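Reader: I am new to this structure. Please pick one part of it, look at it closely, and then show how that part connects to the rest.

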Amino acid sequence: MNRLIIIITFSLCTIPALAMPHIRTSANPTPREQFAAARLRAAVATLSTNEEIILAQRGDAILKPYDKRIPAFWPDAKEAFLLRRLGNTIVATGYDASGTLYAALELAARIQSQKNIPAILDYEDHPQLKLRGTAIGMQKPEITYEGAEYDYLYTPKDFPFFYDKAYWIHYLDYLVDNRYNTLHLWSGHPFTSLLKLPKYPDAQELPTAQLEQNIAMFRWLTAEADKRGIWILQGFVSNHVSHAFARAHKIPYHLSAPTPLAGDYTRYAISEFIREYPNVGIFMTLGEAMGPHYGAEWLTKTIIPGVND
């Protein structure tokens, strides 16, 4: 019995380990490149070949030895990428971090389709549209918040999907797999659902615990989107204000004309949002109630200064 055990053990120890493609990345990969590498590793996990895959931005030092064998990108070739097979080496590179991510996704898709690393790889691509995205209205089909159109607070009761991380991962993966690079969220006045505004404590509309949960969730969501090359933009209607703030100062929820107080509040809310979420974009509806009489004044003296602050 002892002899049998020794023979079996020896036999197991002499079985060579199966090879697997080796993925090399930049010494300092961006979050998008790290996400790309993870996707690529999953795609090659079941392969038993020994290619080396180099995944990095075109200007990275790791690609210096291949400068004469792969072309440089044209100026400002944002999100462009290329795939090249050079013998046993596969180069997956992009002009920038997003391009490098798309190179990895394209290579991963081909590997999954062919159940192997393609024998020939000579492919380049770049987007025809600079912004490609979808929009989610943080809205409901009925008016529920104090009779005001378009105004809805971000709460688990009204928008349970907003707090579902598994849902967001699934949706963001869908977006990046289809090369979308923007996601627009639209609401009447989102600032008091996503920000603490210490200058105007009477503007707070949610319990502090709920507000903190929203802020943490939005930070998580924007980080997950960013590593997939997706820019989140938050929309708002510029003449809407916090309902709590409006009641405290006896002004309407939706302004039809500027006031110094409402202007300062709106400018402050915009500047604080940009300061809190520097990688998130904003877009807006000026608000029909401002009309042709005050729209230009509101835009130039309140909205744009808030962005510049």
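**A helix and its partners**

Author: Arg39 is partly exposed, with a relative accessible area of 23%. Partly exposed here is the range between buried, under 20% relative accessible area, and exposed, over 50%, with a 1.4 Å probe and protein chains only. The model is predicted, so local features need pLDDT of at least 70 and side-chain atom pairs count only at pLDDT 80 or more, while totals for chains, interfaces and linings use all residues. Residues are numbered from 1 along each chain as its sequence is written, and side-chain values use heavy atoms, with hydrogens and water left out.

The salt-bridge partner of Arg39 is Asp177, and the closest N and O atoms of the two are 2.9 Å apart. This pair links distant parts of the chain, since Asp177 is in helix α4 and Arg39 in helix α2, 138 residues apart. A salt bridge means a side-chain nitrogen of Lys or Arg within 4 Å of a carboxyl oxygen of Asp or Glu. Side chains of opposite charge can pair when their charged atoms come close. Asp177 is also partly exposed, at 39% relative accessible area.

The part to look at closely is the helix that holds Asp177. Helix α4 covers residues 165-177, has 13 residues, and spans 18 Å from its first C-alpha to its last, close to the 18 Å expected at 1.5 Å a residue. That expected span is 1.5 Å times one less than the number of residues. Helices are DSSP runs of H or I with at least four residues, and strands are runs of E with at least two, numbered from the N terminus.

At the N-terminal end of α4, Asp164 acts as a cap, with a side-chain oxygen 3.2 Å from the backbone nitrogen of Ala166. A polar contact is a pair of N or O atoms within 3.5 Å; within protein, one must be able to donate a hydrogen and the other to accept it, and residues adjacent in sequence count only if both atoms are side-chain atoms. After α4 comes Arg179, whose phi is positive, near 65°.

Which residues of α4 are buried? They are Trp168, Tyr171, Leu172, Asp173, Leu175 and Val176. Their cover includes α2 (31-44), α3 (97-114), β6 (133-137), β7 (182-186) and α6 (208-226).

Trp168 has a further role in the list of core residues. The largest nonpolar core has 73 residues, and Trp168 is among those with the most contacts inside it, together with Leu40, Leu107, Phe162, Leu183 and Phe218. α3 gives the most to this core, with eight residues. There is also a second, separate core of eight residues, which includes Ile54, Ile62, Leu63 and Leu86. A nonpolar core is a set of buried Ala, Val, Leu, Ile, Met, Phe, Trp, Tyr and Cys residues joined through side-chain atoms within 4.5 Å. Leu107 touches Leu40, Ile53, Leu83, Ile90, Ala92 and Leu121, leaving out residues up to four places away in sequence; contact means heavy atoms within 4.5 Å.

Aromatic rings come next. The whole structure has 24 aromatic pairs. Rings of Phe, Tyr and Trp (its six-membered ring) pair if their centres lie within 6.5 Å; planes under 30 degrees apart count as stacked, over 60 as edge-to-face and the rest as tilted. One pair away from the helix serves as a contrast: Phe81, in strand β3 (residues 81-86), and Tyr123, in strand β5 (residues 122-125), tie together parts that are 42 residues apart in sequence. Phe81 is buried at 4%, and Tyr123 is partly exposed at 26%.

Within α4, Tyr171 and Tyr174 form a stacked pair, 6.2 Å centre to centre with 25° between the planes. These two tyrosines are three residues apart, about one turn of the helix. Tyr171 counts as buried because its relative accessibility is 16%, whereas Tyr174, at 42%, counts as partly exposed. Both belong to one aromatic cluster, which also includes Tyr167 and Trp168 as well as Phe162 and Tyr180.

Last, the charges. The structure holds 22 salt bridges. One of them lies elsewhere: Lys64 pairs with Asp67, the closest N and O atoms being 3.4 Å apart. Lys64 is exposed at 60%, and Asp67 is partly exposed at 32%. Back at the helix, salt bridges that share partners join Arg39, Asp173, Asp177, Glu224, Lys227 and Arg228 into one network.
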